[in-house]
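User: I should like to learn how to read the features of a protein model. May we work through one together?

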Amino acid sequence: MSGKDQSVLSKEALMSTKPGKQILKQALLKQKGYKLFKQYKEETEKEFPNFAERFAQDLYKEIKSDLSPNSTQQAFGDEVGSTEIILQASEIDTIRSKLDDIAVVRDRVARILNSNFVKMTFPVLNALFDGAAEYLGNKDPQLKQDIVEGHILAIDLSEPMDRIVDKDEDLEYLDDYKLMNPYILKLARDKISRGGDVVLNEFEEGFKEARIGQYLDEELKSRPTEITEEEMILSYKKYRSVMGTAGRNMALAERPLGEIFYLGMAKAAEGVGCGNEIEDSIKNGFVKIPSWPLYYSLLSNDVKKGFEITLEKSNLYLNDARLAIELLPDEFSHKEFLEFLFLTVDHYNHFWYNQLQKADKWSELESKLPK
């Protein structure tokens with residue numbers, strides 16, 4: 001839990017939830033899960049500026065060396081199935097000249113890296129890779145950097161793409177992001193490919209599945225009152241496929257460890273998705289479309305009950321994630337890390353649910369439900 005909003009991890013916030021109190025207890029007793037989590041969090045914070053600089057430099061080189069940027073834009077648009085997130089040919093030269101300055105590229109990289117998703121995921125992937133490398137006996141620091149950073153770049157790609165589609169922040173930089181997106185994906189692929197064909201193929205399949213969830217997510221915005229449970233489950237591929245695939249590839253896609261990582265990370269990500277929908281509803285002042293809170297609120301005709309059931313849904317996802325821990329080999333060294341990680345997700349979800357209850361904006365949320 002090393003995201004942008006540190007208030008979630010304040011002592012007062014931790015004392016406000018049952019899992020938060022368990023976190024404080026682990027910290028007080030300096031238990032292994034807490035110590036490992038703290039270690040990876042601190043290592044990530046120390047290394048993050050170096051990663052950001054590598055990202056900016058590599059991105060700058062890709063943009064500068066592309067002899068056919070229009071073809072690059074068109075190919076990316078075809079792959080992701082959208083013309084909304086690419087530049088028109090007549091716009092490219094102006095944006096490219098703006099990004100012909102490493103300081104500008106650094107700024108844009110810093111903006112899209114300022115993401116809860118990225119900052120909370122980095123230490124997790126490092127820990128999973130280390131645990132798998134120790135268990136499988138294949139430690140390789142350069143390979144670790146490539147595989148972890150490749151998946152972080154792929155995860156980070158969702159930030160500029162979401163901002164372009166949602167048009168809710170960084171409005172003056174959206175065209176810059178459109179130019180950057182294909183090169184970010186190329187950098188991710190280049191790094192991940194160093195794990196071999198199997199690892200790269202797993203990434204490609206996960207990326208395709210995540211796009212299916214994202215497409216449906218956009219389509220459901222046009223018919224919010226008709227959403228089915230099956231569609232919500234399919235929509236959640238946007239969480240499940242991204243994090244599950246990243247988990248699997250931290251074990252270089254080797255079974256059974258890779259499959260266990262997939263299960264744990266996919267279900268934990270879906271659990272976080274529920275908490276994120278609760279948090280967004282507080283900050284935006286309306287129930288997110290699509291979301292589990294919307295689905296349950298419309299079915300029950302009761303917003304309060306809709307969020308209550310969403311919290312229960314998050315608990316079901318986390319219970320499934322915890323099953324993965326039971327499947328790990330007895331000698332797996334990072335089991336306690338995962339137990340602590342899932343505890344932080346549990347706290348995150350309960351914290352935002354408690355904040356929603358304190359805000360007492362049920363009537364406002366009810367009034368803005370789609371009819």
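Analyst: Let us begin with burial. Of the 19 residues of helix α9, 15 are buried (under 20% relative accessible area, with a 1.4 Å probe and protein chains only), so α9 is largely enclosed by the rest of the structure. Helices here are DSSP runs of H or I with at least four residues, numbered from the N terminus. This is a predicted model, in which local features need pLDDT of at least 70. Residues are numbered from 1 along each chain.

User: Where in α9 does the kink lie?

Analyst: A kink of about 40° lies at Met180, shortly before Pro182. The bend is the angle between axes fitted to the seven residues ending at a residue and the seven starting there.

User: How is the packing of two helices described?

Analyst: One gives the angle between their axes and the distance between the axes. Helices α10 (residues 197–220) and α12 (residues 237–250) pack at about 170°, with axes 7 Å apart. They are therefore roughly antiparallel (an angle over 145 degrees). Their contact (heavy atoms within 4.5 Å) includes Phe203 of α10 and Val242 of α12.

User: What is the usual sign of phi, and which form do most peptide bonds take?

Analyst: Most residues other than glycine have a negative phi, and most peptide bonds are trans. Ala253, in the loop between α12 and α13, has a positive phi of about 60°. In that loop Pro256 is also found, and the peptide bond from Arg255 to Pro256 is cis, with omega near 0°.

User: Is Asp360 buried or exposed?

Analyst: Asp360 is exposed (over 50%), with a relative accessible area of 55%. Asp360 has a positive phi of about 50°.

Note on methods: Predicted model: local features only at pLDDT ≥ 70, side-chain atom pairs only at ≥ 80, totals over all residues. Heavy atoms only, no water. Axes fitted to C-alpha atoms, helices over the stretch in contact; angles between N-to-C directions. Helix = DSSP H or I, 4+ residues; strand = E, 2+ residues; numbered from the N terminus. Parallel < 35°, antiparallel > 145°, perpendicular 65-115°, else oblique.
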